[in-house]
Amino acid sequence: MSKVAIVYWSGTGNTEAMAKAIEEGAKGAGGDVSLFEVESFKASSVPDYDGLIFGCPAMGDEVLEEGSFEPLFTDAEKHLSGKPVALFGSYGWGGGAWMESWAERTKGDGAKLFSDGLIVENAPGDADLADCRKLGEEFVKAL
């Protein structure tokens, strides 16, 4: 059974809803899944997992949330080389440039990036949540 951490930050609940749907899909595929709000996860725990799924909405000028998520992710980066990683998040404006930058950054860390990142505009609808469950399921099956 693959051990997976889903680590997210959510300001409005949109990214949290996505995280919970991803968790549902990953568990449904047989993964040993732990869901963490960013404040309760330590970067030093990254090596304890077979794969990681990080979620953060676009903030400000299409960047990661800077108070909690960015510092955690920066600390985690030194442990990502060779790790399967998936990214997700929501946005309310722009076209997803924050996800493109984040995906390139993660690849640069040497992570095995799973897809180019799942993004949802505003609150996830039923189809979006289905996509989230599918991401969790396919990520676990690929480990």
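Are phenylalanine 41 and tyrosine 49 buried or exposed? Select both in this predicted model: phenylalanine 41 is buried, and tyrosine 49 is buried as well.

**The pair at 41 and 49**

Keep the two rings on screen. Phenylalanine 41 and tyrosine 49 make a tilted aromatic pair, with 6.1 Å between the centres and 45 degrees between the planes. Now add lysine 3 to the selection. Lysine 3 lies over the face of tyrosine 49, 5.0 Å from the ring centre.

**The pair at 69 and 102**

Next, select phenylalanine 69 and tryptophan 102. They form an edge-to-face aromatic pair, 5.5 Å centre to centre, with the planes at 90 degrees. Phenylalanine 69 belongs to helix 2 and tryptophan 102 to helix 3, so this pair ties together parts that are 33 residues apart in sequence. Phenylalanine 69 is buried, its relative accessible area being 0%. Tryptophan 102 counts as buried too, at 2% relative accessibility.

Add Phe54 and Phe73: together with Phe69 and Trp102 they form one aromatic cluster. Across the structure, the count of aromatic pairs comes to ten.

**The nonpolar cores**

Now widen the view to the largest nonpolar core, which has 28 residues. The members that touch the most others are Val7, Phe41, Phe54, Phe69, Leu87 and Trp102. To see which elements supply two or more residues to this core, colour strand 1 (3–8), strand 3 (51–55), helix 2 (69–76), strand 4 (84–91) and helix 3 (97–108).

Centre on leucine 87. Which residues is leucine 87 in contact with, leaving aside its neighbours within four places in sequence? They are Phe54, Met99, Trp102, Ala103, Thr106, Leu113, Gly117 and Leu118.

A second core, separate from this one, has 19 residues. To find it, select Ala21, Ile53, Val120 and Phe139, which are among its members.

**The cysteines**

Select cysteine 56 and cysteine 132. How many disulfides does the structure hold? The number is zero. A disulfide is a covalent bond between the sulfur atoms of two cysteines. Counting one here would need the sulfur atoms within 2.5 Å. The cysteine sulfur closest to that of cysteine 56 is in cysteine 132, 15 Å away, which is too far for a bond. Seen from the other end, cysteine 132 is in no disulfide, and its nearest cysteine sulfur is that of cysteine 56. Cysteine 56 is buried, with 0% relative accessible area, and cysteine 132 is likewise buried at 0%.

**Two loop residues**

Move to serine 115, in the loop between strand 5 (112–113) and strand 6 (118–121). Its phi is near 65 degrees, a positive value in a residue other than glycine. Most residues other than glycine have a negative phi. Serine 115 counts as partly exposed, with a relative accessibility of 39%.

Then go to asparagine 122, in the loop between strand 6 and helix 4 (126–142). Asparagine 122 also has a positive phi, near 60 degrees. At 41% relative accessibility, asparagine 122 is partly exposed.

**The annotated span**

Finally, select residues 4–140. An unreviewed UniProt entry annotates these residues as "domain: Flavodoxin-like". The C-alpha atoms at the two ends of the span lie 8 Å apart. Helix makes up 36% of the span and strand 22%.

How values were computed
Residues numbered from 1 in each chain as written. Predicted model: local features only at pLDDT ≥ 70, side-chain atom pairs only at ≥ 80, totals over all residues. Heavy atoms only, no water. Core = buried A, V, L, I, M, F, W, Y, C linked by side-chain atoms within 4.5 Å. Buried < 20%, exposed > 50% of the residue type's maximum accessible area, 1.4 Å probe, protein only. Helix = DSSP H or I, 4+ residues; strand = E, 2+ residues; numbered from the N terminus. Contact = heavy atoms within 4.5 Å. UniProt positions renumbered as here; feature names shortened; annotations may be inferred. Phe/Tyr/Trp six-rings, centres within 6.5 Å; stacked < 30°, edge-to-face > 60°. Lys NZ or Arg CZ within 6 Å of the ring centre and 35° of its normal.
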